[in-house]
Amino acid sequence: QVHLVESGGGSVQAGGSLRLSCEASGYIDSRYCMGWFRQAPGKGREGVAAIWPGLGHTYYTDSVKGRFTISQDSAKNTLYLQMMNLKPEDTAMYFCATQTRVVGCLGPFLQSSYNYWGQGTQVTVSS
């Protein structure tokens, strides 16, 4: 069993920065993919960034490339999402997730492959 708790969300102006954290407890293994997803009001949930900690491979959706950085601290069992140059369209509830069924990040933004999810943290970016 894995338990994920996100934190670090808040309200910022466009151009600002935030760092989200996702503290994991339970069965944590660097072989398995971890990711960040977001859901804006009235829209479906979408993948933002993912990481295969064992090899350090990272994946980003096009809209956040160059602005967001995903990282993982295995000693702290914590996943991070550093977000810079935030835009109003980044406003959403952000969720972290991990999967323990397949080694690696096969389909890093395929939501059905993730079997553990956090409750989310809200990010609001004003213009």
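Which residues line the largest cavity? In this predicted model, the lining is made up of Y27, I28, D29, Y32, M34, T98 and T100. Sorted by character, these residues come out as 4 nonpolar, 2 polar and 1 charged. The volume of the largest cavity is about 50 Å³, and the count of cavities of 30 Å³ or more stands at 1. As for how such a space turns up at all, rolling a probe the size of a water molecule over the atoms shows where empty space is left.

One residue of that lining, D29, leads straight on to the charged pairs. The side chain of D29 meets that of R31 in a salt bridge, with 3.0 Å from N to O. R31 itself is partly exposed, its relative accessible area being 37%. Over the whole structure, the search turns up 5 salt bridges. The background here is simple enough: side chains of opposite charge can pair when their charged atoms come close.

R38 is worth a stop, with salt bridges to E46 and to D90. In the pair with E46, the closest N and O atoms of the two residues are 2.7 Å apart. R38 has a relative accessible area of 5%, so it counts as buried, the cut-off being under 20%. E46, on the other hand, is partly exposed at 33%. The second pair puts the side chains of R38 and D90 together at 2.9 Å, again N to O. This pair ties together distant parts of the chain: R38 sits in strand β4 (residues 34-39), while D90 belongs to the loop between β8 (78-83) and β9 (92-98), and the two are 52 residues apart. D90 is buried too, with a relative accessibility of 0%. Through shared partners, the salt bridges join R38, E46, R67 and D90 into one network.

Now for the nonpolar side of things. In soluble globular proteins, nonpolar side chains tend to be buried together. Here, the largest nonpolar core has 26 residues, and W36, L81, M83 and Y94 are the ones with the most contacts inside it. Two or more core residues come from each of β1 (2-7), β3 (18-26), β4, β5 (45-52), β7 (68-73), β8, β9 and β11 (121-126). Of these, β3 gives the largest share, 4 residues. Apart from this core there is another, of 7 residues, which takes in C33, F37, W52 and C105 among others.

What does M83 touch, once its neighbours within four places in sequence are left aside? The contacts of M83 are G16, S17, L18, L20, R67, F68, Y94 and V123. Among them is R67, a member of the salt-bridge network with R38, E46 and D90. Y94 is on the contact list as well, and like M83 it is among the residues with the most contacts inside the largest core.

Finally, a look at the backbone. N77 is not a glycine, yet its phi is positive, at about 50 degrees. N77 lies in the loop between β7 and β8 and is partly exposed, with 29% relative accessibility. N85 shows a positive phi near 50 degrees, and N85 is likewise a residue other than glycine. The place of N85 is the loop between β8 and β9, and with a relative accessible area of 42% it is partly exposed.

Key. Residues numbered from 1 in each chain as written. Predicted model: local features only at pLDDT ≥ 70, side-chain atom pairs only at ≥ 80, totals over all residues. Heavy atoms only, no water. Salt bridge = Lys/Arg side-chain N within 4 Å of Asp/Glu carboxyl O. Buried < 20%, exposed > 50% of the residue type's maximum accessible area, 1.4 Å probe, protein only. Core = buried A, V, L, I, M, F, W, Y, C linked by side-chain atoms within 4.5 Å. Contact = heavy atoms within 4.5 Å. 1 Å grid on protein atoms, 1.4 Å probe; cavity = no way out; pocket = protein on both sides within 12 Å on 5 of 7 lines; lining within 4 Å. Points joined across faces, edges and corners; volume = space filled by probe spheres on them. Nonpolar A, V, L, I, M, F, W, Y, C, P; charged D, E, K, R; others polar.
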